[in-house]
Amino acid sequence: MSNTEINLQSLIGDNTKEEFLKLLESQTPFVSHGNTESLKDLMGLPFLKSVENLAAYWQDTVDVFNPQVADEISKTSVSPEDAINEYYCGNCILFNDVNRMIPEFDMWNQKIRKEIGFSELTYVRNLVYASPAGKGNAPHFDQNFNFVVQLEGTKKWWLAENKTINNPMTRHVIGHPVDHELAGYADKEFPEAFPADCIEYILEPGSILFVPRGVWHMTEAVTDAVSFNFTFTPPTWIDIATAVIREKLSHSEKWRESAIIDDNGVSNSEFNELLKDLSADVKNWNAVNFLDVTENQEL
Ligand SMILES: [Fe+2]
């Protein structure tokens with residue numbers, strides 16, 4: 001494996017880091033074409049040269065999308081040999097968490113994560129999608145940020161602003177049931193069809209599309225097409241706060257007690273005492289205290 005690197009600049013085209021961070025914060029997509037040279041250390045990897053090469057290298061199961069649903073919401077896991085046959089039969093297949101197989105990918109992923117400023121609690125992974133001509137993904141949004149690198153073939157993407165919910169914490173596929181928690185904090189109904197005011201992007205080998213969290217998207221391969229994703233799922237402030245509060249409270253034997261709900265209120269009064277102590281403590285908390293727990297833990 002080559003020793004040169006993919007870093008944030010390799011993925012953001014002509015944008016500076018500052019310009020990219022503004023796009024990320026405003027959840028604005030961008031496309032960059034003709035990156036074959038700057039991505040050669042990724043695109044030149046022998047096992048990414050073709051779906052067949054990747055399947056031959058792959059040591060795990062491969063996901064096959066149900067053609068009726070065309071989304072990861074409905075998939076089966078099969079052997080690499082069977083996956084290739086499914087692909088030849090016209091089904092989309094997904095090699096999940098490719099970074100498990102290639103330690104260098106995790107090095108790249110973590111470096112890019114730090115450059116962006118995502119927390120150490122971020123879930124980072126790489127995926128390879130192989131889509132036969134005419135097939136693609138059903139309309140949906142994700143809770144994560146994706147850099148899509150087109151490796152082979154031509155694929156169309158349609159992206160549209162999400163006017164229903166900002167900062168969703170789970171994904172949603174149009175026409176499928178809404179996640180219970182998501183339904184709880186969304187004030188509007190989700191659309192039943194993909195928004196008409198969308199933008200079309202055509203990806204060729206060497207194109208990179210940045211798909212921010214929450215943005216509606218759907219795809220269709222023009223030719224047989226293979227793409228490689230850098231997928232970042234950073235924690236929300238909710239995740240950081242709850243993780244740290246849990247860590248703080250875990251030092252207390254009283255807080256570690258099993259919660260037994262007592263009809264005559266004895267447990268309630270103990271719980272009230274704990275909450276009262278907690279609320280007194282909260283006044284002394286600040287961001288530095290919290291981030292000291294979650295960040296700079298890596299050796
Ligand atoms: Fe997606």
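What spacing do the donors of the iron ion follow along the chain? I began with this and read the pattern as H-x1-D-x74-H. The model I worked from is predicted.

**Iron site.** I looked up the donor atoms next. The iron ion is coordinated by NE2 of His140, OD of Asp142 and NE2 of His217, at 2.1 to 2.2 Å. Asp142 and His217 come from distant parts of the chain, 75 residues apart. I found Asp142 in the loop between β6 (140-141) and β7 (145-152), and His217 in strand β12, residues 216-221.

I then checked whether these two donors are buried or exposed. Asp142 has a relative accessibility of 9%, so I entered Asp142 as buried. His217 is also entered as buried because its relative accessibility is 6%.

**Salt bridge network.** I ran a search of the whole structure for salt bridges and got 10. Asp142 turned up again here, linked with Asp71, Glu72 and Arg171 in a network of salt bridges. Asp142 is therefore on two of my lists: iron donor and network member.

Within this group I looked at Glu72 and Arg171, whose side chains meet in a salt bridge at 3.9 Å, N to O. This pair links distant parts of the chain, with the two positions 99 residues apart in the numbering given as their separation. Glu72 is in the loop between β2 and β3, while Arg171 is in the loop between β8 (155-160) and β9 (172-173). I noted Glu72 as partly exposed, because its relative accessible area is 26%.

**Lys75 and Asp63.** Which residue does the side chain of Lys75 meet in a salt bridge? I found Asp63, at 3.4 Å from N to O. This pair also links distant parts of the chain, 12 residues apart: Lys75 is in strand β3 (residues 75-78) and Asp63 in strand β2 (residues 62-65).

The two ends of this bridge got separate entries for exposure. Lys75 has a relative accessible area of 37%, so I put Lys75 down as partly exposed. Asp63 is at 7% and therefore went down as buried. The cut-off I used for buried is under 20% relative accessible area.

**Lys254 and Glu257.** The last pair I looked up was Lys254 with Glu257, a salt bridge whose closest N and O atoms are 3.4 Å apart. Lys254 is partly exposed, with a relative accessible area of 48%. Glu257 is partly exposed as well, at 42%.

Terms used. Residues are numbered from 1 along each chain as its sequence is written. This is a predicted model: local features need pLDDT of at least 70, side-chain atom pairs count only at pLDDT 80 or more; totals for chains, interfaces and linings use all residues. Side-chain values use heavy atoms; hydrogens and water are left out. A salt bridge is a side-chain nitrogen of Lys or Arg within 4 Å of a carboxyl oxygen of Asp or Glu. Helices (H or I, at least four residues) and strands (E, at least two) are DSSP runs, numbered from the N terminus. Buried means under 20% relative accessible area, exposed over 50%, partly exposed in between (1.4 Å probe, protein chains only). Donors are N, O and S atoms within 2.8 Å of the metal (3.2 Å for Na, K and Ca); water is not among the atoms, so sites may look incomplete.
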